[in-house]
Amino acid sequence: MKIMRYSICVSLFLGFNLFFAGNAFCDDYSKGKVIFRNNCTVCHLIASEGAPVSAYHTQYRPKDFTKSSAWTNLSEEKITFVLTRGQGVMRPVKLTAEDSKALIDYMMHDLKKQSETSSIK
């Protein structure tokens, strides 16, 4: 009887912890997506979403991160470096450490995944 009560208590305890943990067990890149849209899509348009190609894009050719070719030799460290120091015509982006992490997580996990699935088609 004691073992059964103990098992029920442990099960309830674990069940409540898992239930109330919420997003701790699922990936949510919505903050990074908002940061990308507010800071990056001016130049890094997402062609898969029907973004128009302008003269700027023809001349400077910024990366479309939904294409697998954009991810060649690109790592979290490289993205961090470019964000903080700039590269070519891109100026440094002023973000908090938390926002930078959210942006990089979105790029590495969501945009990169889009590029991998689009290259399979």
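**Confidence, core and cysteines of a five-helix model**

In this predicted model, the mean pLDDT of the chain is lowest in helix α1 (residues 2-20), at 54, and highest in helix α4 (residues 76-85), where the mean is 94. Averaged over the chain, pLDDT is 78, and a value of 70 or more is reached by 69% of the residues. Over residues 15-26 pLDDT stays under 50; for this stretch the model has 2 contacts beyond four places in sequence.

The chain contains 5 helices and 0 strands, and its order along the sequence is α-α-α-α-α. Of its 121 residues, 24% are classed as buried. Among contacts with a separation of 6 or more, 57% are made by residues 24 or more positions apart.

The largest nonpolar core comprises 16 residues. The members that touch the most others are F36, F65, W71, I79, L103, M107 and L111. Helices α2 (30-39), α4 and α5 (97-120) each contribute at least two residues to this core, and α5 provides the largest share, with 7 residues. For L103, the contacts beyond four places in sequence are with G32, I35, F36, C40, L83 and L95. Two of these partners recur elsewhere in this description: F36 is itself among the core residues that touch the most other members, and L83 is one of the buried residues of α4.

Helix α4 has a buried side formed by I79, V82 and L83. These residues lie on the same side of the helix because they cover an arc of only 100° around its axis. The face turned away from that side bears the exposed residues E77, T84 and R85. I79 thus appears both on the buried side of α4 and in the list of core residues with the most contacts to other members. Just after the helix, G86 adopts a positive phi of about 85°.

The cysteines were examined next. A disulfide is a covalent bond between the sulfur atoms of two cysteines. The structure holds 0 disulfides. For C40, the closest cysteine sulfur is that of C43, at 8.8 Å, and this distance is too far for a bond; the cut-off applied is 2.5 Å. C43 is likewise in no disulfide, its nearest cysteine sulfur being that of C40. The two residues fall into separate accessibility classes: C40 is buried, with a relative accessible area of 10%, whereas C43 is partly exposed, at 26%. C40 is also one of the residues touched by L103.

K63 is located in the loop between α3 (55-60) and α4. This lysine counts as partly exposed, because its relative accessibility is 35% and the class spans the values between under 20% for buried and over 50% for exposed. Although K63 and C43 are 20 residues apart along the chain, their C-alpha atoms are separated by 8.5 Å. Apart from neighbours within four places in sequence, K63 is in contact with H44, A70 and L74. With A70, the side chain of K63 reaches the backbone oxygen at 3.4 Å.

Notes. Residues numbered from 1 in each chain as written. Predicted model: local features only at pLDDT ≥ 70, side-chain atom pairs only at ≥ 80, totals over all residues. Heavy atoms only, no water. pLDDT = per-residue confidence, 0-100. Helix = DSSP H or I, 4+ residues; strand = E, 2+ residues; numbered from the N terminus. Contact = heavy atoms within 4.5 Å. Buried < 20%, exposed > 50% of the residue type's maximum accessible area, 1.4 Å probe, protein only. Arc of directions from axis to C-beta. Polar contact = N/O pair within 3.5 Å; in protein donor to acceptor, adjacent residues only side chain to side chain. Core = buried A, V, L, I, M, F, W, Y, C linked by side-chain atoms within 4.5 Å.
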